[in-house]
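Here is a short set of exercises to work through with the structure open beside you. Try each task before you read its solution.

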Amino acid sequence: MRTSQPQTIYLKDYRAPVFLVDHVDMRFELFESGARVHSVLSMRRNPDSDSADKSLELDGDSLTRLESVSLDGNPLEQDAYEDSIDKLVIHQVPDRFELGVVTWIEPQNNTRLEGLYKSSGMFCTQCEAEGFRCITYFPDRPDVMARFRTRIEADKTLFPILLSNGNDVEKGDLEDGRHFVTWEDPFPKPCYLFALVAGDLVEKRDSFNTMSGRDIDLRMYVEPRNSEKCDHAMESLKRAMRWDEEVYGREYDLDIFMIVAVDDFNMGAMENKGLNIFNSSCVLASQETATDLAFQRIESIVAHEYFHNWSGNRVTCRDWFQLSLKEGFTVFRDSQFSADMGSPTVKRIEDATMLRTAQFAEDSGPMAHPVRPESYMEITNFYTLTIYEKGCEVVRMIRTLLGADMFRKGSDLYFERHDGQAVTTDDFVRAMEDATGRDLSQFRLWYEQAGTPELTVRDQYDEAAGIYRLTIDQAIPDTPGQTNKKPQHIPFAVGLLGAEGESLPLKLAVDDVEAPVDRVLELTETSHTFEFHGLSERPTPSLLRDFSAPVRVFYPWTREQLTFLMSHDPDGFNRWDAGQRLAVDVISSLLGAGSEAVDPGLIKAYRALLADSSLDQALVAKMLQLPSEAYLIELAEKPNVPAIHKARERVLEHMARALRDELLACYHRNTIAGSYEVTPESVARRSLRNTALAWLLHIDDEEGRALATSQFADADNMTDRLGALRALVNSGYEQEREQALTSFYERWKSDPQVVEQWFSVQSGSSRTGGLRKIHELMEHPTFDWKNPNKIRSVIGVFAGQNLPAFHEEEGSGYRFLAEQVRRLDDSNPQIAARLVSPLTRWRKFAPVHGDQMRMALESIRDKSGLSRDVYEVVHKSLA
Ligand code: PHE
Ligand code: ZN
């Protein structure tokens, strides 16, 4: 709990550490009543520090008791040091010494899930970003890298498995039924990559033969009840290991690679050296319990954590302002991997959707920050979409500008030059420049300036000269603390289409004979005009192909142009995007007017989509999804949420009625006879079929109802079962809905990953009764205030997805959320701070809503003893 006003930490204040740690020798004694942690740090003065300070300062947090301190083996007297709530200061230390510290901590009472804690009976750790200091006093910063040796002692029956980073070098029995295992990690690492696990777990083994012929032991550790849910993660891991060798030339370095699944985890997963720890929901899967989406998510998260072994662990961050150095780059690597494993276009659509819906919102709200932030109060609040997803886009743009081969040269140089170091995003960009000779100085603004660039595109066709001109103006909106921004270096991919849909050569000069049909224009000024020659008719422009930059594009598309692009653009992403823009336009036009008819053009376009089986069905499945309410809200100036909801529902209903027969045909055409597989093709077919079903149930179609109930009963996989359940929940068939919910729960109540989905289906549905339903779910015996996944699947999903209920007129949704945040603030401030997010954008809404959102924020602000995490979000939002 906070005792004084939280301090702001600035990048400009960065100083090299005064002391370094070469080696850490740890001994953990684990008991039911707590844990005793012995550490011996081999330390020396840092030659690169200019400080002459003789005293040593270590970080600490929530440590129950400091039991002893010793210097070079001699116990220190009380007056030789000073320990406070967050620091241990040793007044006088030599230039080289061994510091011994013994602390007593209580993992069983650790509800913050930072440091060492217990999750369903097992001990586990989470140290990123600053959790290690909850275990013992330590210079807890990523530029202090040390070799760790870790001995774990615990009861042998309760905790047969004892794990830490590196290789197990010694094990044996102790008195009183206890045993120990000692682990040694040969690679120096920052303490945020430290991990320990102790539990009664089953082990799944496999192996991987590396590019240089070494055999790596792959091990997964899970609770016995989950032993059948490991195969997919293991296979994903092997694919990721192979891919990183082939695409980045990166080989695994230790002899063992371990994955552990835990039920209580604040985030998705963690890349601890050689011992990745996962939120169960991000690693465990079986055909019966996990959806296709979950299978894909697991593959990408397993890959993400594995890829961190190079982009994050071997080369790590100098300080937490550089977080995107490892996260942006690693998200980029995992997105390339997923694209290679499935459909690149679909992956691009998913990434762009997330960015445009949620990251753009963040980037225009009160918490907006650059990819490399300048300051923070609580670093945990900066594990954001901007650091991760926009950071990924920034790396992607570097690759687009350099080309694949040059980018690989740059990444090779980066890994080689900085192996074993803690570096900055600037070092990353410099490696890209040095390897290729490209000047990326203006490009660096992507790291420094927050806000989503806005591109306004105008065009003009000069028939007599056969010239088509595109003028692109860029502007970057003000964000907290930043105004008058400089123009950025933006790769803008374009194409031009002729009347028959053919790709036209892009001649930037009259005599440009070998002009390509695809070009990446480089925008560097506030305004650019490009002239395309040799055009005998006015072309249709295809702008920002493949979403080549994380920007908003404004161009006065006509509905005819959009329909045309939807069926002709060779760029799959822009085909999808044209459909989205058309749908947005149609839905928006219904907002004011009550009775305006839904544009038959939209129906015609969707009918064509449904009919054409020659199209990439994965793309069709995506194109059939109407833009989400969240995206429509994000696009609107002062969004009226109930009106948006109604307009979207009207379009959906209208289309479902008009396309009923096509939807039924689509449903049947995509019923898969054979056994379940997670291939891109079968995933697409299930997705199409379930979308068709959802649309049919939306209009309470009797045949749809029959299909849904039988699909629900007969499905041999979770995608279809949950698809049917969701369709029923969102229909008017109350009896079928309740029956399905009950039978689903009865069947899966002992499986937390499935119960989470059962919660989400209900809390995210606008047809289940709003807040009343949410309260009911929170009273449910399987709801657990200590489990972040349950909190997210009920409260988070309600506030993030059940938008008409959350934005209900009287403000009950806002007050409810504020109450839950206040309640959670003491026990898990990290999760509490994340939950606040939907309220932070109160200024975007009209006063009827905005004022109530602000009042909800104020009620959180006024809670006494507010955590630093929540304090930062609330105060910045109200500022
Ligand atoms: N570093 C983790 C990842 O992105 C995320 C994480 C951050 C997990 C902080 C736990 C705590 O892979
Ligand atoms: Zn990561």
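**Exercise 1. A leucine in a loop**

Between which two strands is the place of Leu113? Then find out whether Leu113 is buried or exposed, and look at its phi.

Solution. Keep in mind that you are working with a predicted model.
- Step 1: Leu113 sits in the loop that runs between β9 (96–105) and β10 (115–119).
- Step 2: Count C-beta neighbours inside 10 Å; Leu113 has 24, and the cut-off for buried is 20 or more. Leu113 therefore counts as buried.
- Step 3: Now the backbone. Most residues other than glycine have a negative phi. Leu113 has a positive phi, near 60°.

**Exercise 2. A phenylalanine to treat in the same manner**

Locate Phe547, then give its phi and its burial class.

Solution.
- Step 1: The loop between β31 (540–543) and β32 (552–554) holds Phe547.
- Step 2: Phi of Phe547 is near 50°, a positive value in a residue other than glycine.
- Step 3: Phe547 has 23 C-beta neighbours inside 10 Å, so it counts as buried.

**Exercise 3. The shell around ligand 1**

Which residues surround ligand 1, and how do they divide into nonpolar, polar and charged?

Solution.
- Step 1: List the shell: Gln126, Glu128, Ala129, Met267, Ala269, Met270, Glu271, His304, Glu305, Glu327 and Tyr383.
- Step 2: Sort the shell by type, which gives five nonpolar, two polar and four charged residues.
- Step 3: Ask which elements contribute; β20 (269–270) and α2 (292–307) each supply at least two residues of this shell.
- Step 4: Check the peptide bonds too. Most peptide bonds are trans. Glu128 and Ala129, however, are joined by a cis peptide bond, with omega about -5°. Ala129 lies in the loop between β11 (122–126) and β12 (145–155).

**Exercise 4. Two helix residues and their distant partners**

For Thr330 and Ile587, find the helix, the burial class and the contacts beyond four places in sequence.

Solution.
- Step 1: Thr330 belongs to helix α3 (residues 323–341). It counts as buried because it has 26 C-beta neighbours inside 10 Å.
- Step 2: Setting aside residues up to four places away in sequence, Thr330 touches His304, Phe307, His308, Ser311 and Gly312. Take His308 from that list: 22 residues separate it from Thr330 along the chain, and their C-alpha atoms are 6.3 Å apart. Another of these contacts, His304, also appears in the shell around ligand 1.
- Step 3: Ile587 is part of helix α10 (residues 572–592). With 25 C-beta neighbours inside 10 Å, Ile587 is buried as well.
- Step 4: Outside four places in sequence, Ile587 is in contact with Leu632, Ala647, Arg648 and Val651. For Ala647, the separation from Ile587 is 60 residues in sequence and 5.8 Å in space, C-alpha to C-alpha.

**Exercise 5. A helix pair**

How do α24 and α25 cross, and which residues meet?

Solution.
- Step 1: Two packed helices are described by the angle and the distance between their axes. For α24 (residues 812–825) and α25 (residues 829–840), the axes come within 8 Å and cross at roughly 165°.
- Step 2: An angle over 145 degrees counts as roughly antiparallel, so that is how α24 and α25 run relative to each other. The crossing is left-handed.
- Step 3: On the α24 side, Tyr814, Leu817, Gln820, Val821, Leu824 and Asp825 take part; they meet Pro829, Ile831, Ala832, Leu835, Val836, Pro838 and Leu839 in α25.
- Step 4: By type, the residues of this contact are eleven nonpolar, one polar and one charged.

How values were computed
Residues are numbered from 1 along each chain as its sequence is written. Chains are lettered from A and ligands numbered from 1 in the order in which they are written. This is a predicted model: local features need pLDDT of at least 70, side-chain atom pairs count only at pLDDT 80 or more; totals for chains, interfaces and linings use all residues. A residue is near a molecule or strand if its C-beta atom, placed from the backbone, lies within 6 Å of it. Ala, Val, Leu, Ile, Met, Phe, Trp, Tyr, Cys and Pro count as nonpolar, Asp, Glu, Lys and Arg as charged, and the others, Gly among them, as polar. Axes are lines fitted to C-alpha atoms, for helices over the stretch in contact, and angles run from 0 to 180 degrees between N-to-C directions. Angles under 35 degrees count as roughly parallel, over 145 as roughly antiparallel, 65 to 115 as roughly perpendicular and the rest as oblique. A crossing is left-handed if the near helix is turned anticlockwise from the far one by less than a right angle, and right-handed if clockwise. Two residues are in contact if their C-beta atoms, placed from the backbone, lie within 7 Å. A residue is buried if 20 or more other C-beta atoms lie within 10 Å of its own, exposed if 12 or fewer, and partly exposed in between; C-beta atoms are placed from the backbone.
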